[in-house]
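Subject: Structure for you to look at

Hello,

Here is the structure I said I would pass on. My notes on what was found in it follow below.

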Amino acid sequence: MYNVYGVIGYPVKHSLSPIIHNLGFKLLGLKAVYGTFEVLPEDLEKAVMGVKALGIKGLSVTVPHKERIINYLDVIDDISSEIGAVNTVVMENRKLLGFNTDWIGVLKAFETNGVSLKNKRVVVVGAGGAAKSVIYAMKKAETKEVIVYNRTYQKAIELAERFSVIAKPWEELEKAEGEVIIQTTSVGLNSKVSVVGPEVLARFKVAMDLVYSPLKTTFLSYAEEVGCQTIDGLLMLFYQGIEQLKIWSQKTLPSESLDLIKKELYAEIKRRQGLDDKD
Ligand code: ATR
């Protein structure tokens, strides 16, 4: 019998998570399959009940369900409660348990790029769902200061209070400075715009964009032009997925297997983006 896993989100058709998990299951020698479940926001509760009734073993949770799904799970761990978002669900003894691996994905992306965050001044652009895991990760990494800029100032203030960081209004983003800048808004997704220009990025050493379609966003191109070290969002997707595999299987993949999955993930996005370019 094959165990069934999947990602729920809306939209989710183009998710790259099946690449990570189906290959991961194969390399772990597990009889499991991973699919995509496109779930409308108004159907979320019914979908979660369905997961339980059908005995689906685990879920990845993506936009826009990461926050609201908490209401329909049996238990969530302390970290996802602190972050206020769940991206991983496990079915255990007919109970649905919620976890968050996004923050680990962020930290691993920095770690594999050899970037230490300790005592650094970090600017976070955006205050949506994704920003929460990023800010939590930055606190865990013992950064010196985290400053959040958001178009809707009130949301930056709410996150600043929740995580004891600093909120600044969007108009002041032009004056932002620090060592690390992390772009967490949806700006730049399948478009050629950037929330900040090269003159701002020139004041930073490292720039990360959570958007990975295109892989080299305009934000990252500007950052590269002005000499920043750049980190793309696909690396975070990869590592949050690897952590999910660990939670579901209670096993750790050897580094050769991780390299194989990473290679396949980057090859797939390049294939897709090559095709998109021709559209
Ligand atoms: P996610 O869970 O992916 O973070 P979200 O919760 O909808 O998605 O958050 C989207 C983020 O992108 C928010 O910070 C949003 O700013 P607002 O809070 O002001 O809506 C930001 N964002 C989206 N479009 C934007 C734009 N055109 N300019 C600036 N920020 C934008």
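Val33 counts as partly exposed, because its relative accessibility is 38%, which falls between the limits of 20% for buried and 50% for exposed. Please keep in mind that this is a predicted model.

Val33 and Phe25

Val33 sits in strand 2, which covers residues 32-38. Together with Tyr2 and Val4, Val33 makes a nonpolar patch of about 260 Å² on the surface.

Val33 is also one of the residues touched by Phe25. Phe25 belongs to helix 1 (residues 17-28) and counts as buried, because its relative accessibility is 1%. Beyond four places in sequence, Phe25 touches Tyr5, Leu30, Ala32, Val33, Tyr34, Leu245 and Trp248. Trp248 is 223 residues away from Phe25 along the chain, yet their C-alpha atoms are separated by 9.9 Å.

Domains and cores

The domain assignment divides the chain into domain 1 (3-100 + 235-273) and domain 2 (104-231). Domain 1 is thus written as two segments, with domain 2 falling between them in sequence. Taken over C-alpha atoms, the centres of the two domains are 24 Å apart. In the contacts between them, 18 residues of domain 1 meet 20 residues of domain 2.

In soluble globular proteins, nonpolar side chains tend to be buried together. The largest nonpolar core here contains 61 residues, and Phe110, Met138 and Ile182 have the most contacts inside it. Helix 9 (residues 233-249) supplies the largest share of this core, with 9 residues. Domain 1 and domain 2 each contribute at least three residues to this core.

What does Met138 touch, leaving aside its neighbours within four places in sequence? Its contacts are Val106, Leu107, Phe110, Leu117, Val122, Thr143, Val146 and Ile182. Phe110 and Ile182 appear in that list, and both are also named with Met138 among the residues with the most contacts inside the core. There is a second, separate core of 17 residues, and Ile147, Ile181, Val195 and Val196 are among them.

Asp102

Is Asp102 buried or exposed? Asp102 counts as buried, because its relative accessibility is 5%. This residue lies in helix 4, residues 102-112. Its contacts, with neighbours up to four places away set aside, are Lys66, Asn87, Ser133, Met236 and Gln240.

Helix 8

Helix 8 takes in residues 218-225, and its buried residues include Thr218, Phe219, Leu220 and Ala223. The buried residues of helix 8 pack against strand 10 (180-183), helix 7 (198-201), strand 11 (206-209) and strand 12 (229-231). Just after helix 8 comes Gly227, with a positive phi of about 90°. On the other side, the loop between strand 11 and helix 8 holds Pro214. The peptide bond that joins Ser213 and Pro214 is cis, with omega about 5°.

Another cis peptide bond runs from Tyr10 to Pro11, with omega near -5°. Pro11 is placed in the loop between strand 1 (3-9) and helix 1.

Asn119, Lys144 and Gln250

Asn119 is not a glycine, but has a positive phi of about 65°. Its place is the loop between helix 4 and strand 7 (121-125). Asn119 has a contact in another loop: Lys144 touches both Asn119 and Lys120, not counting residues up to four places away in sequence. Lys144 is found in the loop between helix 5 (129-140) and strand 8 (145-150). From C-alpha to C-alpha, Lys144 and Asn119 are 4.1 Å apart, while in sequence they are 25 residues apart. Lys144 counts as exposed because its relative accessible area is 57%, and the cut-off for exposed is over 50%.

Gln250 also has a positive phi without being a glycine, in this case near 60°. Gln250 lies in the loop between helix 9 and helix 10 (255-278). Why does Gln250 count as exposed? Its relative accessible area is 68%, and exposed means over 50%.

Regards

Conventions:
Residues are numbered from 1 along each chain as its sequence is written. This is a predicted model: local features need pLDDT of at least 70, side-chain atom pairs count only at pLDDT 80 or more; totals for chains, interfaces and linings use all residues. Side-chain values use heavy atoms; hydrogens and water are left out. A nonpolar core is a set of buried Ala, Val, Leu, Ile, Met, Phe, Trp, Tyr and Cys residues joined through side-chain atoms within 4.5 Å. Buried means under 20% relative accessible area, exposed over 50%, partly exposed in between (1.4 Å probe, protein chains only). Helices (H or I, at least four residues) and strands (E, at least two) are DSSP runs, numbered from the N terminus. Domain bounds come from an automatic or database domain assignment. Contact means heavy atoms within 4.5 Å. Patches are made of residues with over 30% relative accessible area and no salt bridge: like charges are joined within 9 Å, nonpolar side chains (Val, Leu, Ile, Met, Phe, Trp, Tyr) within 5 Å. Accessible areas come from the Shrake-Rupley method with a 1.4 Å probe; for residues, only the protein chains shown count as cover. A salt bridge is a side-chain nitrogen of Lys or Arg within 4 Å of a carboxyl oxygen of Asp or Glu.
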